[in-house]
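Subject: Structure handover and findings

Hi,

Here is the structure I promised to pass on. Please open it alongside this note.

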Amino acid sequence: MLVKDELLDRVVARVREQLPEDQAPQVEEFVRQYYAWITAEDLADRSPIDVYGAAVGHWTFAKQRTPGEPKVRVYNPQFDEHGWQSTHTVIEIVTDDMPFLVDSTRMGINREGYTIHLMLHPIMKVRRDDAGQLVEVLEPDAQDDEGVLSESVIRLEIDRQTEPGVLNALHECITTVLRQVRAAVEDWPDMRERVREIVSEMDENPPRVEDEDPEEAEAFLEWIADDNFTFLGYREYDLLTEDGEDLLRSVPGTGLGILRETGRKPHSLSFAKLPPEVRRLAHATNLLNLTKANSRSTVHRPSYLDYVGVKRFDAEGEATGERRFLGLYAFSAYSISAFEVPIVR
């Protein structure tokens with residue numbers, strides 16, 4: 001059995017033999033970073049040709065990418081077609097590096113019911129030209145100068161699947177996960193800003209609520225914005241009554257993160273589909289609705305989403321809508337004293 005260093009030396013030697021002289025140094029750097037963190041055990045039963053083919057195949061896939069747009073490939077490697085082979089179905093990803101990618105991708109695969117046999121996740125610093133062509137793979141300690149991109153290069157090997165429909169569904173699953181991760185990460189600052197705007201609004205126009213301390217509600221909102229809550233989604237809703245039925249209708253243009261608008265008409269949500277706690281409190285004069293959503297998170301960790309609703313009231317003190325935050329309380333929120341948590345204290 002070849003040890004890891006000896007195996008990679010053989011792979012790199014093959015790179016120098018097989019690839020053009022102007023490409024070989026870049027591919028060698030890619031290969032070494034690609035396998036930098038894999039254990040010797042994970043490579044133990046793999047031939048140098050398959051180790052070479054997998055890395056060079058992923059490099060070829062990564063050669064062209066428009067920054068801001070992820071690339072996903074799901075396939076079954078065949079030697080005649082791909083230059084290497086595997087008993088597993090392979091998922092290759094190239095995307096801008098950002099938080100939550102690994103956990104969210106793993107969660108997506110697990111939700112589909114597949115076992116992950118191998119997962120590689122090197123983060124590479126690269127340069128691309130204006131057309132998105134890969135022109136340089138930099139060393140890991142390279143400076144983050146202008147034009148340097150940090151990219152996540154992810155490979156998963158799962159139970160082998162052969163049905164085209166299943167492979168397409170896997171591709172769609174991973175693409176959706178990456179889109180939701182990007183939306184949550186990109187909109188996170190705006191969601192925190194929404195909290196600050198609501199607190200400022202409450203300071204200027206104290207809500208008319210009964211049996212509730214608005215200052216404590218403000219303190220709670222400031223607490224979640226102080227890194228005690230992972231914001232994943234936000235949207236505003238109007239509380240309406242149509243044909244005798246209460247509805248929450250989303251306000252167009254307010255969706256952020258995983259609740260971004262999808263181009264469809266404004267969403268109307270029957271109370272029958274809401275958690276019982278939310279239905280019960282919709283018309284109540286309490287300022288905050290704090291509960292669990294009835295769906296699990298697809299980003300970060302697979303817990304039921306935490307739901308923080310901030311009610312809106314008219315001049316007569318009647319509830320007219322809600323500002324809704326979805327996310328997950330940070331692990332720090334579960335470890336501090338209850339006496340430090342607003343409302344709970």
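Below is what was found in it, by topic.

**Ground rules**

This is a predicted model, so local features need pLDDT of at least 70 and side-chain atom pairs count only at pLDDT 80 or more, while totals for chains, interfaces and linings use all residues. Residues are numbered from 1 along each chain as its sequence is written, and side-chain values use heavy atoms, with hydrogens and water left out.

**Overall**

The protein has 10 helices and 13 strands. Both are DSSP runs numbered from the N terminus: helices are H or I with at least four residues, strands are E with at least two. The C-alpha trace spans about 80 × 45 × 40 Å along its principal axes. Of the 345 residues, 48% are buried. Buried means under 20% relative accessible area, exposed means over 50%, and partly exposed is in between (1.4 Å probe, protein chains only). Take the contacts between residues at least 6 apart in sequence: 65% of them join residues at least 24 apart. A contact is heavy atoms within 4.5 Å.

**Aromatic pairs**

The rule covers rings of Phe, Tyr and Trp (its six-membered ring), with centres within 6.5 Å; planes under 30 degrees apart are stacked, over 60 edge-to-face, and the rest tilted. There are eight aromatic pairs by this rule. In one of them, F229 and Y329 have ring centres 5.1 Å apart and planes at 75 degrees, so the pair is edge-to-face. F229 belongs to strand β7 (residues 229–242) and Y329 to strand β13 (residues 319–329), so this pair ties together parts 100 residues apart in sequence. F229 is buried at 3% relative accessibility. Y329 is buried too, at 14%.

F231 and F325 also pair edge-to-face, at 5.7 Å centre to centre and 70 degrees between the planes. That pair again links β7, which holds F231, to β13, which holds F325, across 94 residues. Both F231 and F325 are buried. Ring pairs join F220, W223, F229, F231, Y234, F325 and Y329 into a cluster.

**Charges over rings**

Here the NZ of Lys or CZ of Arg must be within 6 Å of the ring centre and within 35 degrees of the ring normal. R73 lies over the face of Y75, 4.3 Å from the ring centre. R301 has its charged end over the ring of F331, 4.5 Å from the centre.

**The β11–β12 loop**

S297 is in the loop between β11 (288–296) and β12 (304–313). Its relative accessible area is 2%, so S297 is buried. What lies 2.5 Å from a polar atom of the S297 side chain? The backbone oxygen of V299 does. Outside its neighbours within four places in sequence, S297 is in contact with M107, R111, L232, P302, S303, L305 and L328.

H300 is in the same loop, between β11 and β12. H300 has a positive phi of about 80 degrees, although it is not a glycine. At a relative accessible area of 17%, H300 is buried.

**Another positive phi**

I343 has a positive phi of about 75 degrees and is not a glycine either. I343 sits in the segment after α10 (331–335). At 40% relative accessibility, I343 is partly exposed.

**Cavities and pockets**

The search uses a 1 Å grid over the protein atoms alone: a cavity is a set of points where a 1.4 Å probe fits but cannot get out, a pocket is an open set with protein on both sides within 12 Å along at least five of seven lines, and lining residues have an atom within 4 Å of a point. Points are joined across faces, edges and corners, and a volume is the space filled by probe spheres set on them.

There are two cavities of 30 Å³ or more. The second largest cavity holds about 40 Å³. Its lining is F30, A62, V94, M124, V126, R128, L134, E151 and V153. β4 (123–128) and β6 (148–158) each supply at least two of these residues. β4 gives the most, with three.

The second largest pocket has a volume of about 210 Å³. Its lining counts 16 residues, and E201, N205, P206, P207 and F313 lie nearest the centre. α7 (164–204) and β12 are the elements that give two or more residues to that lining. β12 gives the most, with four.

Best wishes

Key. Polar contact = N/O pair within 3.5 Å; in protein donor to acceptor, adjacent residues only side chain to side chain.
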